[in-house]
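Let's take a walk through this model, starting with charged pairs and then moving on to packing and empty space. Keep the structure open while you read.

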Amino acid sequence: MPVITRRSTEQNKTAYSNQSVKSYSMKYSKNTKPEILSLQEEHAALNREIQEIQEWWFQLHELGKPHFGEMADRISALRDLLAAHFCHEENTFDLPMVLQLSTDKVYQVADLQDEHEQFLNDLRDIVDRLKKESTEYQYWGDAQNDLEAFIDRLSAHEAAGEAILAALSRDESVNNGQKS
């Protein structure tokens with residue numbers, strides 16, 4: 001029988017602080033701003049959290065025992081991490097940093113930030129529907145389909161964010177007289 005694990009809320013809250021900057025040293029110069037590295041770490045933490053939810057969901061599927069309430073709790077914890085990440089992004093992408101980018105990238109940053117509230121609302125809707133169990137989701141697979149569609153959209157959003165961070169890192173290297 002597979003073991004179903006659950007991380008505590010405290011572990012979720014500290015997910016970012018336990019990350020290593022070493023994994024990003026190859027991708028970014030040593031002079032990359034700490035804010036950029038921090039956002040990269042958060043992206044990695046979000047990816048790990050999503051992977052854990054997906055693995056847990058698969059384990060439950062194999063057992064044939066849906067846990068609507070616990071899944072709602074896990075997705076709610078993901079939403080909290082995502083909200084903190086979005087807040088950090090919005091506060092980090094201050095005007096001087098963003099103005100280093102090309103005009104199209106500046107508009108892309110604004111577009112990405114405009115998506116944040118919708119992502120959080122979508123997750124809240126999934127959580128609310130899971131808490132109502134079978135009144136909203138008649139089948140466990142329906143909830144999984146909604147979550148997977150959300151994850152696909154979020155992955156595209158975060159990939160675009162990674163491209164922005166890479167552009168900022170290149171600009172930072174150039175501004176410091178280095179080649180990227």
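For our purposes, a salt bridge is a side-chain nitrogen of Lys or Arg within 4 Å of a carboxyl oxygen of Asp or Glu. Keep in mind that this is a predicted model. By that rule, the count comes to three salt bridges.

Start with the pair inside a single helix. The side chains of E70 and R74 meet in a salt bridge, at 3.7 Å from N to O. These two are four residues apart in helix α4, so about one helical turn separates them. What about their surroundings? E70 counts as partly exposed, at 24% relative accessibility, whereas R74 counts as buried, at 8%.

Now look at α6 and α7. R153 and D122 join their side chains in a salt bridge, with an N to O distance of 2.3 Å. Because R153 lies in helix α7 and D122 in helix α6, this pair ties together parts that are 31 residues apart in sequence. R153 is partly exposed, with a relative accessible area of 39%, while D122 counts as buried at 17%; the cut-off for buried is under 20%.

D146 also forms a salt bridge, this one with R129, and the closest N and O atoms are 2.9 Å apart. Again the pair links distant parts of the chain, with D146 in helix α7 and R129 in helix α6, 17 residues apart. D146 is partly exposed with a relative accessible area of 28%, and R129 counts as partly exposed at 28% relative accessibility.

On to the packing. The largest nonpolar core has 26 residues, and the ones that touch the most other members are M71, I75, L82, L130, L147 and F150. Which elements give two or more residues to this core? They are α3 (34-63), α4 (68-92), α6 (103-131) and α7 (140-175). Helix α4 provides the largest share, eight residues.

F150 is a good place to zoom in. Leaving aside residues up to four places away in sequence, F150 touches L82, F119, D122, L123 and I126. D122 should look familiar, as it is the salt-bridge partner of R153. Apart from the largest core lies another core, this one of 13 residues, including L39, L101, A160 and L168.

So much for what is filled; what about the gaps? Searching the whole structure turns up two cavities of 30 Å³ or more. The largest cavity has a volume of about 70 Å³, and its lining is made up of E89, F93, V109, L112, Q113, H116, H157, G161 and I164. Two or more lining residues come from each of α6 and α7, with α6 giving the largest share, four residues. By type, the lining of the largest cavity splits into four nonpolar, four polar and one charged residue.

The second largest cavity holds about 50 Å³ of space. Around it you'll find L46, N47, I50, I151, L154, S155 and E158. Here α3 and α7 each supply at least two residues of the lining, and α7 gives the largest share, four residues. The lining of the second largest cavity divides into four nonpolar, two polar and one charged residue.

If you want one element to follow through the picture, try α7. This helix holds R153 and D146, contributes two or more residues to the largest core, and helps line both the largest cavity and the second largest cavity.

Key
Residues are numbered from 1 along each chain as its sequence is written. This is a predicted model: local features need pLDDT of at least 70, side-chain atom pairs count only at pLDDT 80 or more; totals for chains, interfaces and linings use all residues. Side-chain values use heavy atoms; hydrogens and water are left out. A nonpolar core is a set of buried Ala, Val, Leu, Ile, Met, Phe, Trp, Tyr and Cys residues joined through side-chain atoms within 4.5 Å. Buried means under 20% relative accessible area, exposed over 50%, partly exposed in between (1.4 Å probe, protein chains only). Contact means heavy atoms within 4.5 Å. On a 1 Å grid over the protein atoms alone, a cavity is a set of points where a 1.4 Å probe fits but cannot get out, and a pocket is an open set with protein on both sides within 12 Å along at least five of seven lines; lining residues have an atom within 4 Å of a point. Grid points are joined across faces, edges and corners, and a volume is the space filled by probe spheres set on the points. Ala, Val, Leu, Ile, Met, Phe, Trp, Tyr, Cys and Pro count as nonpolar, Asp, Glu, Lys and Arg as charged, and the others, Gly among them, as polar.
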